[in-house]
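Got your viewer ready? Load the model below and let's click through it stop by stop.

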Amino acid sequence: MNKESVVAKKKFGQNFLKDQSVLRQIVEAMPKNENKIVEIGPGLGDLTKFLVDVKSVEAFEVDTDLCKLLQSTFKEEIATKRLHINCGDVLNAWQSELVREPYDLVANLPYYIATNILLKALADPMCKNILVMVQLEVAEKFCATAGEKVFGSLSVIAQSIGTAQIVVKVPPTAFDPQPKVDSAVFLIEKNADRNDKEFEDMLRVAFSQPRKTLVKNLSSKYDRKKLQEVLEKLELALTVRPHQVSTNDYHQLYKLTRSLDGRRDTRGSTK
């Protein structure tokens, strides 16, 4: 098998990034450190060939045909231990840590599992930075700031763990085959780990109906009257909507609502 004969498989969400300028921009945006690189979904190896020139790479590829192609293409890099290829589903291999040393995730992620992979990487204590290509819509959700309409639970999680920014927006023409959506490379530089399930449970409730008020959403979990008192303490209007509340205020809100113990007053109305 050679690269020219490879046909992208829809079941793996394969869109091969071919634009050389975008590939170079990804490498240039990598944080400067001594961390290993983990690449998920190396595909034809177009990004891999740039990465192995910089650092050692641990790659995970689910497509067995592409695994064989990569093993053939990168024989020298594999022999000199600059590249190690794991053939199989990365999600099956991923426990709390994907690899046992500090690493940066650098990848053109398959879009159908991108969010799942990103959340696992944010929780992985060995993952220090994340530089990935995803759908533009997903990148914007992770990088949004309070007040923007796309600001949501993913934005709060990302900002709770580090800083997030879009590096470059990428049109469909940069890929083969071309996806139907725009894409973007974005960077999360971590300074903490994602490990508070209860906080994220509160966020899910808070953003469950983005067009409703925050108090309306959270009153499905907490007593409305007590919740109003909490919002008043934080100087948040009762009409405030979920996307208008800052990440810091969500953490303060979480601390105060924990004392409410998730209980609603079932004797009165919670509308």
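**Two domains, then a strand**

Start by colouring the chain by its domain assignment, which comes from an automatic or database source: domain 1 covers 3-190 and domain 2 covers 197-261. What you have open is a predicted model, where local features need pLDDT of at least 70 and side-chain atom pairs count only at pLDDT 80 or more, while totals for chains, interfaces and linings use all residues. Residues are numbered from 1 along each chain as its sequence is written, and side-chain values use heavy atoms, leaving out hydrogens and water.

Now look between the two domains, whose C-alpha centres sit 33 Å apart. Eleven residues of domain 1 and twelve residues of domain 2 make the contact (heavy atoms within 4.5 Å). About 830 Å² is buried there, with carbon and sulfur atoms giving 70%; that area is the accessible area (1.4 Å probe) the two parts lose on being put together, summed over both. Hunting for salt bridges (side-chain nitrogen of Lys or Arg within 4 Å of a carboxyl oxygen of Asp or Glu) across this interface turns up zero.

Next, select 103-108, strand β5 (strands are DSSP E runs of at least two residues, helices H or I runs of at least four, numbered from the N terminus). Six of its six residues are buried (under 20% relative accessible area, 1.4 Å probe, protein chains only). Y103, L105 and A107 point one way, D104, V106 and N108 the other.

Add β2 (36-40): three bridges join it to β5, in parallel (pairing takes at least two DSSP bridges). K36 stands opposite Y103.

Finally, show β6 (127-135), also parallel to β5 and joined to it by six bridges. Here, Y103 has C127 as its bridge partner. Follow the chain from β5 through helix α6 (114-123) to β6: this β-α-β crossover is right-handed (clockwise from first strand over helix to second, with the strands pointing away from the viewer).

Note on methods:
Buried < 20%, exposed > 50% of the residue type's maximum accessible area, 1.4 Å probe, protein only.
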